[in-house]
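Trainee: I would like a close look at a single part of this chain, set against the rest of the fold. Please take one loop residue and work outwards from there.

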Amino acid sequence: MAPYLSGECGTAGRTVRRLLPLLLLLALCLPVWVVEIAAGASLPAQRVRLHDDISVIVGYVHSVEQTWVEETYVVDSRGARLVRMRWQSSGAGLPGEYDSYTEGFYVRELDIDIGRTLDYWFLPLNQVEISVDGTVVFRGPDLPSRVVVRVRRVPVAVSILDSVGARFGSRVD
């Protein structure tokens, strides 16, 4: 009987059996790009794996104007680009210039390289909603806290665990 049928693989077979776990471990450590949303130290970070350009929308109630504001970013492994702002009223740090007024919103089309980190300070009254490619991944915060949206690399094992966790329940507050 041939060695591969009898289970007698010889030295090459033993070497492969010894190296296979190591190769699997190495593969699980390979880095992949994600967009990560972290709010305070008490909540786990929400991560979405980057494939191509994805859309990230940070929406919130403006602290002073008390009207809705949306910032739309296109995100890839190089970082985030602010491509659009929508807001319902002017004043208190909101832009005075706009390109159009549509459905109750002033709209400004932009192309601003932000880098790999967006850093915010939000209060509960801001009623923040962050969505990635149309899916809400964060609502809050319940307490005043720093909210960071970051493009970074994580081991593929972390990305797999995030995907498994997302399938077993909602990850949105």
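Mentor: Contact here means heavy atoms within 4.5 Å. The model is a predicted one. With that cut-off, and leaving aside neighbours within four places in sequence, Thr67 is in contact with Tyr60, Val61, His62, Gln88 and Ser89. Thr67 itself lies in the loop that runs between strand 3 and strand 4. Its relative accessible area is 18%, and buried means under 20%, so Thr67 counts as buried. One of its partners is also a polar one: the side chains of Thr67 and Ser89 are joined by a polar contact of 3.0 Å.

Gln88, on the list for Thr67, leads to a second loop. Gly104 is in contact with Trp87 and Gln88, again without counting neighbours within four places in sequence. Gly104 and Gln88 are 16 residues apart in sequence, while their C-alpha atoms are 6.2 Å apart in space. The loop that holds Gly104 sits between strand 6 (100–102) and strand 7 (105–115). Gly104 has 29% relative accessibility; buried stops under 20% and exposed starts over 50%, so Gly104 is partly exposed.

Now for the nonpolar core. In soluble globular proteins, nonpolar side chains tend to be buried together. The largest nonpolar core here has 28 residues, and Val56, Tyr73, Val75 and Ile130 touch the most other members. Among the elements that give two or more residues to this core are strand 3 (54–61) and strand 4 (68–76), the two strands on either side of the loop with Thr67. Strand 5 (79–87), strand 9 (128–132) and strand 10 (135–140) are also among those elements. Ile130 shows how such a member is surrounded: not counting residues up to four places away in sequence, Ile130 touches Ile37, Val56, Ile57, Val58, Thr135, Val136, Val137, Phe138, Val147 and Val149.

As for the whole chain, the secondary structure comes to three helices and 11 strands. Two helices come at the N-terminal end of the order, the strands follow, and a helix ends it. Of the contacts between residues at least 6 apart in sequence, 55% join residues at least 24 apart. Buried residues make up 34% of the 173 in the chain. The chain exposes about 10,600 Å², with carbon and sulfur atoms supplying 57% of that area.

Terms used
Residues are numbered from 1 along each chain as its sequence is written. This is a predicted model: local features need pLDDT of at least 70, side-chain atom pairs count only at pLDDT 80 or more; totals for chains, interfaces and linings use all residues. Side-chain values use heavy atoms; hydrogens and water are left out. Helices (H or I, at least four residues) and strands (E, at least two) are DSSP runs, numbered from the N terminus. Buried means under 20% relative accessible area, exposed over 50%, partly exposed in between (1.4 Å probe, protein chains only). A nonpolar core is a set of buried Ala, Val, Leu, Ile, Met, Phe, Trp, Tyr and Cys residues joined through side-chain atoms within 4.5 Å. Accessible areas come from the Shrake-Rupley method with a 1.4 Å probe; for residues, only the protein chains shown count as cover. A polar contact is a pair of N or O atoms within 3.5 Å; within protein, one must be able to donate a hydrogen and the other to accept it, and residues adjacent in sequence count only if both atoms are side-chain atoms.
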